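Please open the model in your viewer and keep the sequence panel beside it. The stops below say what to select next and what is to be found there.

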Amino acid sequence: MKTYKYFVFLLIFGLLLVACGGDTATEETVVEPDIPAVEVVEEAEVAEEPVEEVVEETVEEVVEAAIEPITAEELDAAYGTFVASLKGYNALKDYSLLNEQLVSDSPPFILDVRNPEELEELGHIEGAVNIPLKELAQNLDLLPSFDTHIVTYCKAGWRAAIAMTTLSALGWENVQALHSPSYTGWVEEGYPIVEGLAPEAEVLNAASPDPAMVLAMDEVLNSYANNWNGIDSDSLATEIVENPDLILVDVRTPGEVEAGTIDAPNVVTVALDDFIGLQDNWPADKDAPIVTYCKAGHRSTVAMNILKSYGYTNVRSLQGGYTAYSAAGYALAGVPEPTFDMDAAFTTFLDDMEAYNTIGLDALSLALVEDPPPFLLDVREVSELEANGHIEGAVNIPLRELADNIEYLPSFDTPIMSYCGSGWRCTIALAALEAMGWEDVRCLKGGSFSGWVEAGYPVVEGVAQEPLLLDVAKVEPAALDAMKTMLQNVPDGFGGISADDFNLALLENPEVTVIDVRRMEELEENGVIEAENWIHIPLESFVAMADQWPADLDTPIIIYCGSGHRSTIAMSILWSYGYTDVLSLKSGFSGWVEAGYPTAEFVAP
């Protein structure tokens, strides 16, 4: 073990001095004059071979014996500091950020803990130092100083998490693990790699970890099975049934636990956020069969490594975590019934509207130079950005994919400005985001992106940069599911109908329900579109007057307002409630009038 080379050298040197003194006296006594000198040397070499082996074995035993075993108090101190300093559980999820860091003036130290044959087959990240995980504690002289930023990676993220935990316990202060799927994900996303093995690492001798901790960590790393003590969902479900002594340790946050746990006889909760402080919750029997689990497998692997450091002998971590287990359909406990008060969500949105949550071109231009600027959301298709460019700084998430990518959106209280080609899709996005909990979402009007370009405001050619993974907004699952369903079923044309087609629909199907969502004073001043089944439900009261909605969810409905914005919000709300055949009049009542179609005077009932 390289960490102990200096001690080993001193011990060997002392032993050799003693051995040489004894051997000289013996040779002067036993060597006979008539035996050639060469033969004497050969006999001496043969005799000394087993002696050298004994000395080498003894030295190693002496070195290990000379180091006092690590104490529980020292482990508490090391891991307590580590857990308290965790940021995002030290999981580096943003591959683009790492790619940027690698070409910066101060790149992180990249540590590849895979085996050499994996690098030979799959290559490696340029600049990486390769130390197989089981050999990590034996090669600490190849690592940088304790305060250097280190990023560990492996094939899928499992070993990287173990390495991150180990180095943090040894004293390194800023270690991150490239999150699952780690190197595999790096390759799949097209980031650069170098074929073959990494170059031989330079000996740095830049850090001096505690020898006792090094010895302890080396023992832990070399105690792992070939699968690094992972267990899949199928195997765990079988063991829960077959082994009543199995203990599950749930290391998620209390909030996560409240949303449900794995259904098993012996489940204890020990949040990783205070894992050392909650030692009283750890299983008492260190030989008991234990499986740790979290949401996806990262935190549970950290916890597994910690428990093994304290002498637990039979600990494994659930691959894919609670997410994979629940997705596989296995039994869960304490899962509350999905709830989403859609009425309350849309009522809050409608009550809080200001200028129907629109923003003009000039106002957006001014907002973008504020500090901080609003979050700019482009809900067009990627092909539209390729053809027409985008507004600088925008994050592109196509409308139908919006609820599938909320991890790229900011916190609920961050202002979001959405835009699309003409202002139609961003209105649908506005309604969906407000229903999911965002509090200040606005839609760019004045022609939206087309108007922005026509007004001469600057655009950037091509697609937007890959968005940052934020993962800060926790949408209620039932609300998320409802908006996913709504957005994924947005029809071709995004629910718009022209004045010509609206007129034709009225002629062909007099039974179509027409909903006017304008305010009363607009009806009195401008008149209405005459229809047999005409209903007035002002947008401001749209949910409160839900009893006026058609009872049949498949009823054909056409909604209109002054220009098309309010009617598109109302259309989106009805879609969310399961209505299947709802359209919104493009350009609204104004477009109908400009097209030359007749209106009628409003007569109050």
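Begin by selecting helix α6, of which 13 of the 13 residues are buried (under 20% relative accessible area, with exposed meaning over 50% and partly exposed in between, for a 1.4 Å probe and protein chains only), so that this helix is largely enclosed by the rest of the structure. Helices (H or I, at least four residues) and strands (E, at least two) are DSSP runs, numbered from the N terminus. This is a predicted model, in which local features need pLDDT of at least 70 and side-chain atom pairs count only at pLDDT 80 or more, while totals for chains, interfaces and linings use all residues. Residues are numbered from 1 along each chain as its sequence is written, and side-chain values use heavy atoms, with hydrogens and water left out.

Now compare the two ends of α6: the C-alpha atoms there are 19 Å apart, which agrees with the 18 Å that its 13 residues should span at 1.5 Å a residue, the expected span being 1.5 Å times one less than the number of residues. Just after α6, glycine 171 takes a positive phi of about 125 degrees.

Within α6 (residues 158-170), select threonine 165, which counts as buried because its relative accessibility is 0%. Which residues is threonine 165 in contact with, leaving aside its neighbours within four places in sequence? They are Tyr79, Phe82, Val302, Asn305 and Ile306, where contact means heavy atoms within 4.5 Å.

Tyr79 leads on to the next selection, since Tyr79, Phe275, Trp282, Tyr310 and Tyr312 form one aromatic cluster. The structure holds 22 aromatic pairs, where rings of Phe, Tyr and Trp (its six-membered ring) pair if their centres lie within 6.5 Å, and planes under 30 degrees apart count as stacked, over 60 as edge-to-face and the rest as tilted. One of these is formed by tryptophan 534 and phenylalanine 602, a tilted pair with 6.1 Å centre to centre and 50 degrees between the planes. This pair links distant parts of the chain, 68 residues apart, with tryptophan 534 in strand β20 (residues 533-536) and phenylalanine 602 in the segment after α22 (588-594). Tryptophan 534 is partly exposed, at a relative accessible area of 24%, whereas phenylalanine 602 is buried, at 13%. Select next tryptophan 592 and tyrosine 597, whose ring centres are 4.8 Å apart and whose planes stand at 35 degrees, so this pair too is tilted; tryptophan 592 counts as buried, at 2% relative accessibility.

Two lysines are worth displaying with their aromatic partners. The charged end of lysine 134 sits over the ring of tryptophan 228, 5.6 Å from its centre, and that of lysine 308 sits over the ring of tyrosine 224, 4.7 Å from its centre; for this, NZ of Lys or CZ of Arg must be within 6 Å of the ring centre and within 35 degrees of the ring normal.

Move on to asparagine 115, in the loop between β2 (109-112) and α5 (116-122). Is asparagine 115 buried or partly exposed? At 27% relative accessibility, asparagine 115 counts as partly exposed, and, not counting residues up to four places away in sequence, it touches Pro132 and Arg159. Its C-alpha atom is separated by 9.9 Å from that of leucine 197, 82 residues apart along the chain.

The backbone itself offers further stops. Serine 180 and proline 181 are joined by a cis peptide bond with omega about 5 degrees, and proline 181 lies in the loop between β5 (175-178) and α7 (182-188). The peptide bond from aspartate 371 to proline 372 is also cis, with omega near 0 degrees, and proline 372 has its place in the loop between α14 (361-367) and β14 (375-378). Tyrosine 89, in the loop between α3 (72-84) and β1 (91-92), has a positive phi near 55 degrees although it is a residue other than glycine.

Finally, colour the model by pLDDT, the predictor's confidence in each residue, from 0 to 100. The protein averages a pLDDT of 90, and 89% of the residues score at least 70. Over residues 1-56, however, the pLDDT is below 50, and beyond near neighbours in sequence this stretch has 27 contacts in the model. Where pLDDT is low, the predicted coordinates should not be read in detail.
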